[in-house]
Amino acid sequence: MSESVLLRDHRAGVLTLTFNRPDKLNAFNDELTQELLSALGDAERDPAVRVVVLRGAGRGFSAGQDLEAFVRLKTSPTPISVAEHLRKSYNRVVISIRSMEKPVIASLGGIAAGVGLSIALCCDLRVAGDDAVLTLGFSKIGLIPDGGGSLMLPLLAGLGRGLELAWTSDRIDAREAHRIGLVNKVVAAADLESDTHAFARRFVEVSPIAIGLTKRAFNRAILPGFAGWLEEEADLQEEAAAGPDLMEGVRAFMEKRKPAFAGR
Ligand code: LHQ
């Protein structure tokens with residue numbers, strides 16, 4: 001039997017969920033997204049789970065949407081719209097992360113790109129290994145940051161920095177990500193797993209009432225319109241995806257060439 005695309009490890013109140021498609025840089029296909037949704041739901045309901053950690057197997061956290069899987073979705077006899085795809089996958093994941101009244105920590109080693117980075121930005125806290133590389137990547141295929149990225153990126157990094165990173169898709173390293181507020185701390189790559197677990201354990205020591213109600217308070221104070229914004233973000237992504245630029249960007253990536261955008 002092949003190994004699961006999502007590994008679960010529950011130790012001392014900390015549930016670690018590992019994206020396990022290392023040969024695809026843990027890019028998200030439907031199977032991984034559905035497994036993640038199901039694990040997050042279980043974690044929310046299980047009182048023994050006090051903290052959730054998200055991490056990736058191999059040399060990255062996640063490269064975002066699996067672009068080969070996306071081409072299959074787009075070219076199937078019954079293609080799904082991009083907005084629908086977002087609504088039934090990533091939007092549900094990030095709503096689950098934000099509404100769960102427990103700390104959700106992203107442990108970032110290696111590459112975090114596209115909606116993989118958006119998911120990390122929607123977590124409560126981020127620990128980065130000193131080998132971490134963050135890149136939005138959406139603009140390279142004619143898209144806007146989705147999965148809550150258009151909200152969390154400017155919230156954490158500021159409007160100017162956020163726009164610059166979204167427009168350029170520049171790769172930034174862990175130190176720069178820390179400097180601009182995208183990650184809480186940077187640790188040696190070799191210690192990322194153990195240091196993240198030790199960091200997570202600190203929140204197991206705190207009253208779960210204080211943890212949960214503080215998250216609810218911050219959500220209501222700063223992100224009261226989170227779910228509503230995701231709806232609008234999906235509509236904007238649908239607009240971005242309406243022309244030929246998206247498929248040109250995706251094909252150019254797969255063919256390892258520069259895209260020739262038509263501007264629509
Ligand atoms: C991949 C991927 C990948 C498949 C690397 N898929 N194979 C999307 C679509 C529509 C609607 C809604 O929203 C979304 C959400 C999104 O997430 S859009 C953004 C999707 N992600 C990207 O555009 C990132 C694409 N990947 C890259 O830019 C680079 O691969 C990064 C920066 C992630 C890593 O660069 P490198 O470290 O230089 O690795 P690499 O490029 O050589 O990739 C390694 C392999 O992984 C390679 O395959 P190969 O067979 O040549 O070894 C890539 O093709 C494959 N891969 N990302 N997303």
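**Strands, helices and rings in a predicted model**

Trainee: In β7, which residue is the bridge partner of L108?

Mentor: Keep in mind that this is a predicted model. L108 belongs to strand β5, residues 104–108. Look across to strand β7, residues 125–129. There the bridge partner of L108 is A128.

Trainee: In what sense do β5 and β7 pair, and over how many bridges?

Mentor: Both strands belong to an open sheet, where β5 is followed by β7 in the strand order. They pair in the parallel sense, and the number of bridges is four.

Trainee: What is the order of the strands in the open sheet?

Mentor: The sheet has six strands, with mixed pairing. Its edge strands are β1 and β10 (185–187), and each pairs on one side only. Neighbouring strands are turned by 20° against each other on average, direction ignored. The order is β1-β2-β3-β5-β7-β10.

Trainee: How many bridges join β1 to β2?

Mentor: Take strand β1 as residues 6–11 and strand β2 as residues 14–19. The two run antiparallel. L6 of β1, for instance, stands opposite F19 in β2. The number of bridges is six.

Trainee: Which residue in the turn between β1 and β2 has a positive phi?

Mentor: β1 and β2 form a hairpin, with two residues between them. One residue in that turn has a phi of about 50°. That residue is A12.

Trainee: Why is the pair of F19 and F61 edge-to-face or stacked?

Mentor: A search of the whole structure finds four aromatic pairs. In this one, the ring centres of F19 and F61 are 5.2 Å apart and the planes stand at 70°. Planes over 60 degrees apart count as edge-to-face. So the pair of F19 and F61 is edge-to-face.

Trainee: How many residues apart in sequence are the parts that this pair ties together?

Mentor: F19 lies in strand β2. F61 lies in strand β4, residues 60–62. So the pair ties together parts whose separation in sequence is 42 residues.

Trainee: Is α4 roughly parallel or roughly antiparallel to α5?

Mentor: Helix α4 (residues 90–99) and helix α5 (residues 114–122) pack with their axes 9 Å apart, at an angle of about 20°. Angles under 35 degrees count as roughly parallel. That makes α4, relative to α5, roughly parallel.

Trainee: By class, what residues does the contact of α4 with α5 have?

Mentor: α4 passes α5 in a right-handed crossing. From α4 come Y90, V93, V94, I97 and R98; from α5 come V115, I119 and C122. The count is seven nonpolar, no polar and one charged.

Conventions. Residues numbered from 1 in each chain as written. Predicted model: local features only at pLDDT ≥ 70, side-chain atom pairs only at ≥ 80, totals over all residues. Heavy atoms only, no water. Pairing = 2+ DSSP bridges. Axes fitted to C-alpha atoms, helices over the stretch in contact; angles between N-to-C directions. Parallel < 35°, antiparallel > 145°, perpendicular 65-115°, else oblique. Left-handed = near helix turned anticlockwise from the far one by under 90°. Contact = heavy atoms within 4.5 Å. Nonpolar A, V, L, I, M, F, W, Y, C, P; charged D, E, K, R; others polar. Phe/Tyr/Trp six-rings, centres within 6.5 Å; stacked < 30°, edge-to-face > 60°.
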